[in-house]
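Hi everyone, thanks for coming. I'd like to walk you through one structure today, so please have a look at the picture while I talk.

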Amino acid sequence: MSRFGDELWHVQPAHRDAHLQISAISWSSFPAALRQHFRTFFLAALDHPVPVEPGGRQRPAEQASIGSFPYWVIDMRVLALWLDEQGFHDLSEVRDADLETFRTYVLGLDRNGRRKSDLISAVRLLWLFSEHMPAQSRLDCDFPWADQTAKEVVGAPAGTGRENKTPASPTTPWRPSWPGSW
């Protein structure tokens with residue numbers, strides 16, 4: 001069983017379908033200064049249903065699929081590396097203007113609109129789980145781009161993505177062990 005402080009989290013045991021291969025989360029690919037914050041995010045995502053956006057765009061109380069985690073890791077790593085390059089050491093230092101700078105960065109990437117909107121969605125996920133994370137791991141800003149969908153934020157046409165059809169697990173039997181509470 002993986003532990004919170006391990007450099008590699010094996011999340012495969014948490015997936016309902018044992019025959020599917022789910023990549024482990026390698027924390028060594030995240031900037032050292034921000035690693036704890038992103039571990040905290042993923043622990044919160046294992047323990048809690050995805051919170052509803054302030055605009056209520058998704059259904060409430062759905063547990064994230066473990067199959068989504070490898071994709072979230074990719075997007076969160078892009079965000080973490082960018083934050084590290086900007087000199088952030090705590091997510092609580094991030095403000096609305098910083099996220100607008102990140103949006104400009106994302107728009108300049110050589111990626112299609114769907115991938116760019118995934119990076120915007122990663123920021124929103126991080127914000128949504130804030131209530132389940134300690135203060136230094138919370139984005140200190142308003143809900144990012146509240147009046148737009150992630151595709152609208154990056155100028156991608158609606159309906160170009162694929163729908164996630166993986167059923168959410170009603171309970172998550174596995175999570176890394178946390179040695180104590182916040």
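**A walk through the helices**

Let me start with one residue and its neighbours: I120 touches R103, W145, A150, V153 and V154, leaving aside residues up to four places away in sequence. Please keep in mind throughout that this is a predicted model.

Where does I120 sit? You'll find I120 in helix α4, which covers residues 113-128. Is I120 buried or exposed? With a relative accessible area of 0%, I120 is buried, since the cut-off for that is under 20%. There is also a pairing to look at with L99: the two residues are 21 apart in sequence, and their C-alpha atoms are 9.3 Å apart in space.

Let's step back for a moment and see the whole chain. The protein chain has 5 helices and 2 strands. Reading from the N terminus, the order is β-β-α-α-α-α-α, so to speak two strands and then the helices. The chain has 182 residues, and 44% of them count as buried. Now, if you take the contacts with a separation of 6 or more, 67% of them join residues that are 24 or more positions apart.

On to the inside. In soluble globular proteins, nonpolar side chains tend to be buried together. Here, the largest nonpolar core has 48 residues, and F38, F41, F42 and M76 are the ones with the most contacts inside it. Which helices supply at least two residues each? They are α1 (32-47), α2 (69-85), α3 (96-107), α4 and α5 (150-154). Of these, α2 gives the most to the core, with 9 residues.

F41 is a nice one to click on if you have the viewer open. Not counting residues up to four places away in sequence, F41 touches W72, M76, L125, L126, F129 and M133.

Now for the helix pairs, beginning with α1 and α2. Their axes come within 11 Å and cross at roughly 150°. That angle is over 145, so α1 is roughly antiparallel to α2. The crossing of α1 past α2 is right-handed. On the α1 side, the contact is made by A33, L34, F38, F41, F42, A45 and L46. On the α2 side, the residues are F69, W72, V73, M76, L79, A80, L83 and D84. Sorted by class, this contact of α1 with α2 has 14 nonpolar residues, no polar ones and 1 charged.

Next come α2 and α3. The axes of these two helices come within 11 Å and cross at roughly 115°, and α2 passes α3 in a right-handed crossing. V78, L79 and W82 of α2 make the contact with D98, T101, F102 and Y105 of α3. By class, the residues of this contact divide into 5 nonpolar, 1 polar and 1 charged.

The third pair brings us back to I120. Helices α3 and α4 pack at an angle of about 160°, and their axes are 9 Å apart. Why do we call α3 and α4 roughly antiparallel? Because an angle over 145 counts as roughly antiparallel, and α3 and α4 meet that description. Again, α3 passes α4 in a right-handed crossing. From α3, L99, F102, R103, V106 and L107 take part, and they meet K116, L119, I120 and V123 in α4. In this contact of α3 with α4 there are 7 nonpolar residues, no polar ones and 2 charged.

Two loop residues to finish with. W145, one of the residues that I120 touches, lies in the loop between α4 and α5. W145 is not a glycine, yet it has a positive phi of about 50°. As for its surroundings, W145 has a relative accessibility of 12% and therefore counts as buried.

The other is G55, in the loop between α1 and α2. Is G55 buried or exposed? G55 is exposed, with a relative accessible area of 61%. What lies across from it in space? One residue to look at is A146: G55 and A146 are 91 residues apart along the chain, and their C-alpha atoms are separated by 7.1 Å.

That's my tour, and I'm happy to take questions.

Note on methods
Residues numbered from 1 in each chain as written. Predicted model: local features only at pLDDT ≥ 70, side-chain atom pairs only at ≥ 80, totals over all residues. Heavy atoms only, no water. Helix = DSSP H or I, 4+ residues; strand = E, 2+ residues; numbered from the N terminus. Buried < 20%, exposed > 50% of the residue type's maximum accessible area, 1.4 Å probe, protein only. Contact = heavy atoms within 4.5 Å. Core = buried A, V, L, I, M, F, W, Y, C linked by side-chain atoms within 4.5 Å. Axes fitted to C-alpha atoms, helices over the stretch in contact; angles between N-to-C directions. Parallel < 35°, antiparallel > 145°, perpendicular 65-115°, else oblique. Left-handed = near helix turned anticlockwise from the far one by under 90°. Nonpolar A, V, L, I, M, F, W, Y, C, P; charged D, E, K, R; others polar.
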